[in-house]
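Reader: I am new to structural terms, and I would like to learn how such labels are justified. Could you take me through some of them?

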Amino acid sequence: MLGTLCTLITALTCVSGATVVTQKPPVVTLRRGETASMDCNLGTVTNSGVRWYKQIPGGVPQFVLYFIHSSRSPNYGSGFSSPKFTSTHQSQSDYRLIINNVEEGDSAVYYCKTWDSSVNEYVFGQGTKLIVTSSSLPPPVLTLFPPSSAELQSNKASLVCLSSQSVPFADVSWFAGGSPVSGGISTSTAVQQPDQTFQISSFLAIQTSDWNMEKVYTCKVSLGSQTAEKNINKSDCGSENSRGAE
């Protein structure tokens, strides 16, 4: 069932002729202890309620709650309850998920879905990403790998930046010689590790000639106000310079 649910969330609103479920805002960034709210419009559906799901990147969706406008209170999934999680409605097709006193563990993508009886299908929204930060949030720990010797025999090579962090979302950027790089970057979604941290991998394609010219490359990862950077070049690849800043 979870596999089917994951597939449905990936497909989102691709059911032909179905209502369009819209979520907003696309991203919510808060500090620990604040209140998160996100909206879901069910389109043409007015006789069905809304189901909310929480999904951490790389994980299976977790059912948070079900709420319909004719009900006094939501029905909750395992591990979720009031007053931490609740839902309200502004109309028969407009719903809001509210998460009180947010903490880092609430960081995830939250999806809403509804049943469209006109096509006999569930339809999902596109998701709202919740990012929770705090002043005590540690900066990411970066590991930067130089090109392999085999790659350097060819015209093209790649640098790899691994970021270990306490939340599943981060912004990764690359710089070459101090200037931002916009192309040749491939960054993975976060993968949760056995110690409950998250790891993101980012690859930068470079020209072997640039590497041989001692150009300095920088990987920068930002988590809210916390950032970490790591530099590497050919002559210094055994002792990269790194620094973290709040």
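Author: The turns below set values of this predicted model against the cut-offs behind each label.

Reader: What makes the pair of Phe 67 and Tyr 95 edge-to-face?

Author: A pair of aromatic rings is described by the distance of the centres and the angle of the planes. The structure holds six aromatic pairs. For Phe 67 and Tyr 95 the ring centres are 6.0 Å apart and the planes stand at 90 degrees; since rings pair within 6.5 Å and an angle over 60 degrees counts as edge-to-face, the label edge-to-face follows for these two rings.

Reader: Why is this pair of Phe 67 and Tyr 95 said to tie together parts of the chain?

Author: Phe 67 belongs to strand E5 (residues 62-67) and Tyr 95 to strand E8 (residues 94-99), so the pair ties together parts that are 28 residues apart in sequence.

Reader: How do you know whether Phe 67 and Tyr 95 are buried or exposed?

Author: Buried means under 20% relative accessible area. Phe 67 has 4% and therefore counts as buried, and Tyr 95, with 0%, is buried as well.

Reader: Why is the pair of Trp 115 and Tyr 122 given a label for its planes, and which label is it?

Author: The centres of the rings of Trp 115 and Tyr 122 are 4.9 Å apart and their planes meet at 70 degrees; because the cut-off for edge-to-face is over 60 degrees, this pair is edge-to-face. As for accessibility, partly exposed covers the range between under 20% and over 50%, so Trp 115, at 30%, is partly exposed, and Tyr 122, at 28%, is partly exposed too.

Reader: What lies over the face of Tyr 122?

Author: Lys 113 lies there, at 3.9 Å from the ring centre, and the distance allowed for a charge over a ring is within 6 Å.

Reader: What makes strand E13 largely enclosed?

Author: Strand E13 spans residues 156-165, and seven of its ten residues are buried, so the rest of the structure largely encloses this strand.

Reader: How do you know that E13 pairs with strand E12 and with strand E18?

Author: Two strands pair if there are at least two bridges between them. E13 and strand E12 (residues 141-145) have five bridges and pair in the antiparallel sense; one of the contacts sets Leu 144 against its bridge partner Cys 161 in E13. E13 and strand E18 (residues 198-207) are joined by ten bridges and also run antiparallel, with Lys 156 opposite Gln 207 in E18.

Reader: Why are Cys 161 and Cys 219 called a disulfide, and what makes the link left-handed?

Author: The sulfur atoms of Cys 161 and Cys 219 are 2.1 Å apart, and the cut-off for a disulfide is within 2.5 Å. The torsion about their S-S bond is about -80 degrees, so the disulfide is left-handed. It links distant parts of the chain, with Cys 161 in strand E13 and Cys 219 in strand E19 (residues 217-223), 58 residues apart, and both cysteines are buried.

Reader: How many disulfides are there, and where is the link of Cys 40?

Author: The count comes to two disulfides. Cys 40 is joined to Cys 112, with 2.0 Å from S to S, and this link is right-handed, with 80 degrees about the S-S bond. Cys 40 lies in strand E3 (residues 36-41) and Cys 112 in strand E9 (residues 108-116), so the pair ties together parts that are 72 residues apart in sequence.

Definitions and conventions:
Residues are numbered from 1 along each chain as its sequence is written. This is a predicted model: local features need pLDDT of at least 70, side-chain atom pairs count only at pLDDT 80 or more; totals for chains, interfaces and linings use all residues. Side-chain values use heavy atoms; hydrogens and water are left out. Rings of Phe, Tyr and Trp (its six-membered ring) pair if their centres lie within 6.5 Å; planes under 30 degrees apart count as stacked, over 60 as edge-to-face and the rest as tilted. Helices (H or I, at least four residues) and strands (E, at least two) are DSSP runs, numbered from the N terminus. Buried means under 20% relative accessible area, exposed over 50%, partly exposed in between (1.4 Å probe, protein chains only). A charge sits over a ring if NZ of Lys or CZ of Arg is within 6 Å of the ring centre and within 35 degrees of the ring normal.
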